[in-house]
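Subject: Structure handover

Hi,

Here is the structure I promised to pass along. Have a look at it first, and my notes follow below.

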Amino acid sequence: MIRRHGTRDLDPHGPRRLFLVDVRRGHARTLTRTTPATSIAHAAAAAEGWSPHGDQLLLVCTHGKKDWCCALRGRPVVAALAALDPDPVWECSHLGGDRFAATALSLPSGITHGRLSPDDAPALLAALQDDRVLPHLLRGRSCDPGVVQAAEGHVRLQRGIDGIEALRPRAVVDEEGGRWRVDLEHGGRVFGVHLRVGSAPAHRLTCSAIDDRHARTWELEHID
C-alpha cells in the first residue's frame, strides 16, 4: 500500500492508482492504471487496461504499526526526498528489515537501500537517476536469493562497483558446512565470492522487539 507524502485521509469512494511491477532481471517494467476504489480487486486481476509507466518509483517504508522505527526514521527520509523530487517518491507499508530503517525500495529494479538518513536523499536520488546504487547503504535486490544479494553487496563494497546492472549472477554453489560460493559476472570477468553463514551477537533487532535475538549474517571469506 502506497500514498503520497503528506496525505492522510482519502475519499473512500475516490479513484485509486495501481502499479503492476516486474522486477526480474531482463524483464523489469512497471505498468499502471487508475480505477474506482470499489473496483480495485477486479482491476488488479484484469489483463487489459494497463499502460506503461516509464519513470522509477521510490517507496520509503513508514509503517509505524509494524515497527515504530519505520515511522520514526522513515518519515524524515521521505520528506527529504519529496522536497527534492516528489514525482517518484511514495510512503509505503512494510518492506521488511525493520532493523535497517529507514529503508527504500526502488522499482522496477527491486533495489533496496537501508539505514538511510535525510542527509542521504540527494545522493540516493542522483544514483537512481543514473542507474546506480549506493554500495554502503545497499540492502539487496528483491529478484535474487539472499545469498546472491549478500555476495553482490560484498563485491560492490570491495571493488567500488555501483552500476545497477553491472553484476550478474551466474552460479550459486552450496559448499556445505555453512559455506557458499556465488559467481558474479562483471564486464566479461567472473568474481567467485566465498561466503560463510554466521550469527550476530544477540540484541534487540527492531525498535518494537521485547527480547534479544540473533540475526543471520553472510561473512565474506574471500573473492576469487
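Let me start in the middle of things: strand 8 and strand 9 run antiparallel and are joined by three bridges. One of the residue pairs to look for there is Ile111 with Arg141, its bridge partner in strand 9. Helix 3 packs on the sheet, where it touches strand 5, strand 7 and strand 8. The direction of helix 3 makes about 145 degrees with that of strand 5. Before you read too much into any of this, please keep in mind that the model is predicted.

The sheet in question is open and has six strands, in the order 1-6-5-7-8-9, with mixed pairing. Its edges are strand 1 (2-3) and strand 9 (138-141), each of which pairs on one side only.

Now for helix 3 itself, residues 121-129. Which of its residues are buried? They are Ala121, Leu124, Leu125, Ala127 and Leu128. Seen down the axis of helix 3, these buried residues fall within an arc of 160 degrees, so they line one face of the helix. The background is the usual one: an α-helix has 3.6 residues a turn, so residues three or four places apart point the same way. As for what covers the buried residues of helix 3, the list includes strand 5 (57-61), helix 2 (68-84), strand 7 (104-107) and strand 8 (111-113).

Right after helix 3 comes Asp131, with a positive phi near 55 degrees. Asp131 lies in the loop between helix 3 and strand 9. Is Asp131 buried, partly exposed or exposed? Its relative accessibility is 48%, so Asp131 counts as partly exposed.

There is another backbone angle of this kind further along the chain. Glu176 has a phi near 70 degrees, again a positive value in a residue other than glycine. You will find Glu176 in the loop between strand 10 (168-174) and strand 11 (179-186). At 61% relative accessibility, Glu176 is over the 50% cut-off and therefore counts as exposed.

While you are looking at backbone geometry, check two peptide bonds as well. The bond joining Ala101 and Ala102 is cis, with omega about 0 degrees. Ala102 sits in the loop between strand 6 (89-92) and strand 7. The peptide bond from Leu107 to Pro108 is also cis, with omega near 15 degrees, and Pro108 belongs to the loop between strand 7 and strand 8. For context, most residues other than glycine have a negative phi, and most peptide bonds are trans.

There is also an open sheet of three strands, in the order 2-3-4, with antiparallel pairing. Strand 2 (15-22) and strand 4 (51-52) are the edge strands here, each pairing on one side only. Strand 3 (residues 29-36) pairs with strand 4 in the antiparallel sense over two bridges. In that part of the sheet, Leu31 stands opposite Pro52 of strand 4.

Ala37 is worth a click too. It lies in the loop between strand 3 and helix 1 (40-45). Ala37 counts as buried because its relative accessibility is 19%, and the cut-off for buried is under 20%. What does Ala37 touch, leaving aside its neighbours within four places in sequence? Ala37 is in contact with Pro12, His13, Gly14 and Arg16. Ala37 and Pro15 are 5.5 Å apart in space, C-alpha to C-alpha, although 22 residues separate them in sequence.

Finally, some whole-chain numbers for your notes. The protein chain has four helices and 13 strands. Its radius of gyration is 19 Å, close to the 17 Å that the globule rule gives for 224 residues, so the chain is as compact as a globular protein of that length. The C-alpha atoms fill a box of roughly 55 × 45 × 35 Å, taken along the principal axes. Of the 224 residues, 41% count as buried. Among contacts between residues at least 6 apart in sequence, 52% join residues at least 24 apart. The accessible surface comes to about 12100 Å², and 52% of that belongs to carbon and sulfur atoms.

Cheers

Notes. Residues numbered from 1 in each chain as written. Predicted model: local features only at pLDDT ≥ 70, side-chain atom pairs only at ≥ 80, totals over all residues. Heavy atoms only, no water. Pairing = 2+ DSSP bridges. Buried < 20%, exposed > 50% of the residue type's maximum accessible area, 1.4 Å probe, protein only. Arc of directions from axis to C-beta. Contact = heavy atoms within 4.5 Å. Axes fitted to C-alpha atoms, helices over the stretch in contact; angles between N-to-C directions. Rg over C-alpha atoms; globule rule 2.2 N^0.38 Å. Areas by Shrake-Rupley, 256 points an atom, 1.4 Å probe, with all protein chains shown as cover.
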